[in-house]
Number of protein chains: 2
Amino acid sequence: MTSTPMADLWPTLPGADTRPEAAYRLLQAAVESFAERGFHATTTRDIATAAGMSPAALYIHYQSKAALLAEISRAGHAATLALVRDAVAGGGGPVERMRRLVEQFTAWHARARTVGRVVNYELHALPEDAYAVVAALRLDIEREVSALIEEGAAAGDFQVSEVRTAARAVTSLGIDVSRWYTDRSTETPEELGRRYGELVLRMLGARV
Amino acid sequence: MTSTPMADLWPTLPGADTRPEAAYRLLQAAVESFAERGFHATTTRDIATAAGMSPAALYIHYQSKAALLAEISRAGHAATLALVRDAVAGGGGPVERMRRLVEQFTAWHARARTVGRVVNYELHALPEDAYAVVAALRLDIEREVSALIEEGAAAGDFQVSEVRTAARAVTSLGIDVSRWYTDRSTETPEELGRRYGELVLRMLGARV
DNA sequence: TAGCTGACTAAGCGCTTGCTCAGCATGGTG
DNA sequence: CACCATGCTGAGCAAGCGCTTAGTCAGCTA
């Protein structure tokens, strides 16, 4: 399954090392269920059963079904933002950094597609306060991408007429990967990342 | 609101001209509700109330809540496929036809974003037989785009290493528009279409 | 006028939902 | 040993779900 991305996500949660293993199993089951059926079509019994427990056990570790979603969404967005910042902060010029950003952004949305689906397509089910936190993270991600495009354009490495539209296209391509990528896809996440990196650079008018 | 795309969709339904106006209002209310809250979070009472009727009235015009979704999804996919075929069948070389395809595909997903959301993000809620029909239409759309890219590559107008990946990127960009485009977006659907057309042509290695 | 039809509603059925609570087992601590 | 905190379960509650039923009523036909 997609156990690796969950294992990456878990340590970023507050107090992760002291939380019982059952809480981890519940979160993992919730990610899998929300990704496959959507938040509203998933029942607390689905999640609890998949984690090998009774429905009541869920409420010992989480306040509500929505709290599970909020935790997943917050951690997923934080991980994505960290990934973007790492790529941008790394060495090289705008072209090299953009290539790295797209490669890793794309590969993450393919590898962690279950988390990605919850993060990108279940926003409407978030309680208002959790949504506010997540919306801020999404804005930060967009700003990082826009700033990099702007820098590249100013340096003459990119040719773009509308930075906002170009940034939208770049993030859009990556996000949508989590919608269509499946186990049966012939490309590995890394291959797809490299190819998308190439496509995006051409889209931005970089001479490659 | 988004009344225009619904008005475009309605006449394509079987027996549309003889169906009572109430059936139209119900379908419109269902599109709006499914797009905003998702299929499972939408109740039959929501739909009926929005259409100005009692819940029972829904079942005079449609067999079930899922039948409403199936009708919307089928008509929406058929409309998209028709749009793609029109663009491809029109005059001009691969570059001109691809530009037209992306412009119209993108503009449609912005203008008809409510229909687009239901069509692209509620597939998992479709009954199995309705899904089979819709999956075939999606495959047809992908094939049209792939064929056009292949033709352009053979003619030396496009430079692509992987046709399937490039086709995915092209449709992906358009589909994702229905996720993020809102009333508050500053670009009109047509402006966005033109800009995306430009970006895609560069992505495909066309000399423009 | 009588008979019929199609569109509709008020009421509610059977079932599932998110969530609660009293109580049980376990293992560490005095 | 007693004590208690922790993690969990079985049973079940109130609310809400999709959908059905019995019946109303305007409008058409003859």
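This briefing walks through a predicted model of two protein chains with two DNA strands. Chain A is built from 10 helices and zero strands, and chain A can be laid on chain B with an RMSD of 0.0 Å. The contact between the chains takes 22 residues from each of chain A and chain B, while 16 residues sit around DNA strand C and 16 around DNA strand D.

**Chain A at a glance**

- Reading from the N terminus, the elements of chain A go α-α-α-α-α-α-α-α-α-α, and the tally for the chain is 10 helices with zero strands.
- The C-alpha trace of chain A spans about 60 × 35 × 30 Å along its principal axes.
- Chain A has a radius of gyration of 18 Å, which agrees with the value near 17 Å for a compact globule of 208 residues.
- Of the 208 residues in chain A, 44% are buried.
- Take the contacts in chain A between residues at least 6 apart in sequence: 74% of them join residues at least 24 apart.

**How the two chains meet**

- Chain A puts 22 residues into the contact, and chain B puts in 22 residues as well.
- On the side of chain A that touches chain B, the elements giving two or more residues are helix 9 (163–180) and helix 10 (189–203).
- Helix 9 of chain A gives the most to that side, with eight residues.
- Sorted by class, the side of chain A that touches chain B holds nine nonpolar, six polar and seven charged residues.
- One residue to look at from the chain B side is Glu187(B), in the loop between helix 9 (163–180) and helix 10 (189–203) of chain B.
- Setting aside residues up to four places away in sequence, Glu187(B) touches Thr165(A) and Leu192(B).
- Glu187(B) has 17 other C-beta atoms within 10 Å, so it comes out as partly exposed.
- The C-alpha atoms of Glu187(B) and Ala110(B) are separated by 9.8 Å, with their positions 77 residues apart along the chain.

**Symmetry**

- A turn of 180° and a shift of 0.0 Å along the axis lay chain A on chain B, with an RMSD of 0.0 Å.
- That is the relation of a two-fold axis.
- Within chain A, Met203(A) has the C-alpha nearest the axis, at 2.2 Å from it.
- Both copies use the same surface, since 100% of the contact residues of chain A recur in chain B.

**Around the DNA**

- Of the 16 residues that surround DNA strand C, the closest are Thr43(A), Ala56(A), Ser64(A), Ser54(B) and Ala56(B).
- The surface near DNA strand C divides into 10 nonpolar, four polar and two charged residues.
- Around DNA strand D there are 16 residues, and Ala22(A), Ala56(A), Ala57(A), Thr43(B) and Ser64(B) come nearest.
- By class, the residues of the surface near DNA strand D are 10 nonpolar, four polar and two charged.

**The nonpolar core and some residues to click on**

- In soluble globular proteins, nonpolar side chains tend to be buried together.
- The largest nonpolar core here has 111 residues, and the ones with the most contacts inside it are Val200(A) and Val200(B).
- Not counting residues up to four places away in sequence, Val200(B) touches Met98(B), Val102(B), Val170(B) and Leu173(B).
- Over in chain A, Val102(A) lies in helix 6 (residues 94–111).
- Val102(A) counts as buried because it has 27 C-beta neighbours inside 10 Å.
- With residues up to four places away left out, Val102(A) touches Val170(A), Gly174(A), Gly193(A), Tyr196(A), Gly197(A) and Val200(A).
- Val102(A) and Arg195(A) are 93 residues apart in sequence, yet their C-alpha atoms are 9.5 Å apart in space.
- Leu68(B) belongs to helix 5 (residues 65–89) of chain B.
- Leu68(B) has 26 C-beta neighbours inside 10 Å, so it counts as buried.
- Beyond its neighbours within four places in sequence, Leu68(B) is in contact with Leu27(B), Ala30(B) and Tyr62(B).
- Leu68(B) and Glu150(B) are 82 residues apart along the chain, and 37 Å separates their C-alpha atoms.

Key:
Residues are numbered from 1 along each chain as its sequence is written. Chains are lettered from A and ligands numbered from 1 in the order in which they are written. This is a predicted model: local features need pLDDT of at least 70, side-chain atom pairs count only at pLDDT 80 or more; totals for chains, interfaces and linings use all residues. A residue is near a molecule or strand if its C-beta atom, placed from the backbone, lies within 6 Å of it. Ala, Val, Leu, Ile, Met, Phe, Trp, Tyr, Cys and Pro count as nonpolar, Asp, Glu, Lys and Arg as charged, and the others, Gly among them, as polar. Two residues are in contact if their C-beta atoms, placed from the backbone, lie within 7 Å. Helices (H or I, at least four residues) and strands (E, at least two) are DSSP runs, numbered from the N terminus. Copies are superposed by least squares on the C-alpha atoms of residues with pLDDT of at least 70 in both. A nonpolar core is a set of buried Ala, Val, Leu, Ile, Met, Phe, Trp, Tyr and Cys residues joined through C-beta atoms within 7 Å. A residue is buried if 20 or more other C-beta atoms lie within 10 Å of its own, exposed if 12 or fewer, and partly exposed in between; C-beta atoms are placed from the backbone. The radius of gyration is taken over C-alpha atoms; the globule rule is 2.2 Å times the number of residues to the power 0.38.
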